[in-house]
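Student: Please take one part of this model and go through it closely. I would like a single connected answer, with the surroundings included.

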Amino acid sequence: MFAAAKTGWRAFWGRWNQREGYVFVLPSLLHLLVFFLIPLGFSLWLSFHDWRGLTTRNIPFVGLENYQFMFGDTRWWNAVWNTLVYTFVSVPLGMVLSLLVAIVMNQKIPGIYAFRAMFFLPVITSWVAVSVVWLWILDGRLGLLNYALSLVGIDGPDWLSDPRTALLALILITVWKGLGFQMVIWLAGLQAIPKELYEAAIVDGANRVQQFRFVTLPMLAPTTFFMLITGVIGSFQVFTPVFVLTKGGPLGSTDVAVYRIYERAFVNFDFGYASALAWVLFVFIFVATLIQLYYMRRNLGGMYGR
Amino acid sequence: MRKNPYLLPLHILAFAMLCAVALMMTAPFLWMLLTSLKTQQEAFQFPPSLLPARPVWENYTQLFTLVPFGRYFLNTLVVTVAVVIGQLFVCSLAAYAFARLNFMGRDTLFVLYLATMMVPFQVTLIPLYLLVFQLGWVNTYWGLIAPGLSSAYGIFLLRQAFLTVPQELIDAARIDGASEFTIYSRVFLPMNGPSLATLGVFAFLGTWTDLLWPLLIVRNPQMRTLELGLAYFQSAVPQFVQPNWPLLMAAAVVVMLPVIVVYLMAQRYFVEGIALGSVKG
Amino acid sequence: MRRPWIRGVLAASVAGLGIGLAQQQVTLNVIGFKVPPNEAGTPLDKAYQEFIRQFEAANPGVKVNALETPPDFDTYILTALASGTAPDVWSQDGSSLAKVAGSGQLLDMERCRQAVPSFNFSRFFPNVLALHQGLEKGKTYGVPNDFTPMVMYYNPEAFKKANVPIPNKENLTWDEFLNLTRRLTLDKNGKNALDPAFDRNNIEQYGFRVRKFPFEWVYWLWSNGGDVISPDGKTASGYLDSPASLEAITFLRDLMLRYYVSPTPSALDALQANVGFLDLFLQGKVAIFPRGHWELVGLRSNKNYQPARVAVMGNPYKTRPVTVMYESGFVIPANISPEKLTATCKFIEAATGPSYQNTKVLTGIAISGNQSVAANAISKAPQPAVERAFFNQVRYARAPYGARYAAYPAVETVLESMMERILAGGEVKAEVAKAVQEINRELSRGR
């Protein structure tokens, strides 16, 4: 890192630098320990127990029974499959759309402040209002979307009541609601790119597409990495839209992993099994994240993080 | 861009498209706003009216007279401000270490932090509650604030932002003998305004609108947050009767308004666009 | 300063003889005796406050801290019980009683009867009280607050439109019900579903509404002598797939898919795209639907409401009239402190007596669990005939599965998707067989 020789104080400083790392991390680490690792440990412990009551006394140890039960739980595997489909469609779609929006929002356009605010509105609009309006839009007979489709001669389905389209409709709604959220992160990333880089590119005769390809995209790599990782983690845990809009139906076509966990825990009061399911979901997400880390490291080199 | 006439039609097109998309983004919010100004009768009429026949402000006055609004607002403000400040400080410190300092176990620790985002909240909820209960923090501000003081999401967000700061700046500062804390506070924090503002907005949003955690922690009506107070307001056996949509929406608007204000304020940190066209012109 | 032994004697006398002479101030935390802020000043609010005032006056040394019902009550009570911070009294849904009481969380009310000898359980409807006694022999987990049998609401105007006389008995047989609903189902030309020229693609008025939700159909199985799970709660084999159960499920399916008297799920969605179901019912688009007493509140606050559009009859039956009851009962946590026990029991004694139970007339949500209060309420109700029809069905009401089996919520999930698939055209026998397998798997876990 340094060209300078390691003189006495520099060697000391190097060690202190190490120690400083811990000092900087300490507050968050303490927080992590108390408010996360301890509860998490409890949930791991629970996953080997049959805790279906509400009392914290006399909880029978059942070994791997909860995990064994999971293997034959067709409802759970259906939910896992739906979660995978949801993730693979919604994450790329959301990232690309919100990046496009962010690039537009980063321009000098009259009223840009107002537009930015408007695009953020869905993020803070209550899910209840969102669901009411989208139910109107997606309704099979009277809905706005099918009216628009009928103008070009397409007979649209009953989006949220048809098992073939319900998950797709759910994806569209969540992408729409999250767009403003993701846009803000992309915007922050775009703002951090030094103007000098663009000026240099222009001097080199780069056109807009080339500027995007050789300046914007590489400089956005840390943001892209962040969006991808958090996006995948977040969509593996999708819950609220399912809870508000479809309750997992029709015919289980929008049932997702966390909805299963929620129902097992808070409707069935079956906390041991719910904890086991959560730990399995955790392993899935962890593996997915490690795969992403691996590919990022290989393909983007240092830019994913130094 | 004004100097380039060929760009003009393109801009108009883009502008028109923006307006169309903006309408799509704002429709549910507008529906909320308009419904909150209708009578219950009108909210259920078919075909639905777009604009209220006569705006009814009573939904809001009813809200403000029946709920100890000031107290709930104060509670929410105390909790939210504490969480936002705490998160900005704690997360940025850790993010600096993960982005720019070398220490043993750094990457492993970072993956551990990432892992904390992978467990659904529903699962740690009850153990977390039992813990906070053991600490004696039920019914206290501290119980509402403490679990939110740090977030892996925030650390990750800021770490990625800190990675883009040129190494030369740090090297120069270090050679000048600046301490790591000085570099962190004088170089990194000022240079990452947009990202800090982003985290601030998200932390504010999450805490201000949280319902589940306050529901468990607050027992004393005096300690209720805005969202919780309004939820009680609406909990009059809603499964038995048609919900009072106008009142419900008025409540939602009241909760949202401060978030919009905060967002608009934070926008100032998203400095003016880089405006490629004008550089070229 | 009292000497310790005096205190001991005093405590013994309070606990043993039930003489409420306790000098110490006791505060009871009770949920459900307070209206939400937007109902402040209403007759209900005044009635609640008056009840608490009277109770405190009659019981010096006892203070009642009435708390509103928290939103998301299940999560709230779950965490409160787990941490031992539950309120002293709350009203627990009978349909989830087993999963709350199953782990020894609730007090056996026999202890209340010992602590307060005047507390007479004969005030309750015996079959409603029995809901609290089905979990464990000899144990009474809670006592009834209020309840409703599931009944059939019908709109007399829809009968008039179809030119069908109102049935002159309270419970029809299946055959009579099928005939009735077919005559009540009209196409756009006014032809009913019995007419060979009936146009099933353009139905204007439906006779009935069948849905996938088990709470609306499990009692159809009972009315044919069928069941979902065995009395010991260990298996569904021989119960859900018994001929009687299969026949009931097929009957419900046929109402929708063979006789067209009920809208299909998607037809119902389309009908409800812009209006609530109650609007449809009050406009006569659906003539009959199954529901409990609580729906009267929604019906009466609907803009289409007229008393002449709402009437009630009992459930149809094949072998015997039967229905399910949805109930809410007062419960006390098992870890109640001894010095609070007597006061808490006295509070429940008062809350199941006339002064509090009369508020049921004000809310209209349910029927009082106190027999004489419920009988007296008939003449005070806005529609005495409707109230009487409810009252007459009480004797047929059985406890829901959730009051007896802690594992029932998981079973209910299976039943719901089974019915969803059957109503979407799935083969009855095959779907039931699949459901039986899945339910047996659930029931085989642990315990």
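Tutor: What follows starts with one strand, then moves out to the cores and the chain contacts.

This is a predicted model. It scores ipTM 0.83 and pTM 0.87. Chain C has a mean pLDDT of 90. In that chain, 94% of residues reach 70 or more. Residues 1-22 of chain C need separate handling: pLDDT stays under 50 there. For that stretch the model has 19 contacts beyond four places in sequence.

Now the strand. S4 of chain C covers residues 143-149. Is it mostly covered or mostly exposed? Mostly covered: seven of its seven residues are buried. S4(C) pairs with two strands of chain C, taken here in turn. One partner is S10(C), residues 323-331. The two run antiparallel, with six bridges between them. The other is S11(C), residues 367-368. That pairing is also antiparallel, and two bridges make it.

Asp146(C) is a useful place to stop. Across from Asp146(C) in S10(C) stands Ser328(C). In S11(C), the residue opposite Asp146(C) is Ser368(C).

Next, the cores. The largest nonpolar core has 166 residues. Which of them touch the most other members? Ala94(B), Tyr96(B) and Ala251(B) do. The top contributor is a helix of chain A: H7(A), residues 166-191, gives 16 residues. Another core lies apart from this one and has 129 residues. Among them are Val64(C), Val128(C), Val143(C) and Leu278(C). Val143(C) brings us back to the strand, as S4(C) spans residues 143-149.

Ala94(B) shows the link between chains A and B. Leaving out residues up to four places away in sequence, Ala94(B) touches Phe24(A), Val25(A), Ser28(A) and Ile155(B).

At the level of whole chains, 75 residues of chain A are in contact with 75 residues of chain B. On the chain A side, helix H1(A), residues 8-46, supplies the largest share, 18 residues. That side has 50 nonpolar, 18 polar and seven charged residues.

Last, chain B itself. Its secondary structure is 15 helices and zero strands. Of its 281 residues, 44% are buried. Take the contacts in chain B with a separation of 6 or more: 78% of them join residues 24 or more positions apart.

Terms used. Residues numbered from 1 in each chain as written. Chains lettered and ligands numbered in written order. Predicted model: local features only at pLDDT ≥ 70, side-chain atom pairs only at ≥ 80, totals over all residues. Contact = placed C-beta atoms within 7 Å. Helix = DSSP H or I, 4+ residues; strand = E, 2+ residues; numbered from the N terminus. Nonpolar A, V, L, I, M, F, W, Y, C, P; charged D, E, K, R; others polar. pLDDT = per-residue confidence, 0-100. Buried ≥ 20, exposed ≤ 12 C-beta atoms within 10 Å, placed from the backbone. Pairing = 2+ DSSP bridges. Core = buried A, V, L, I, M, F, W, Y, C linked by C-beta atoms within 7 Å.
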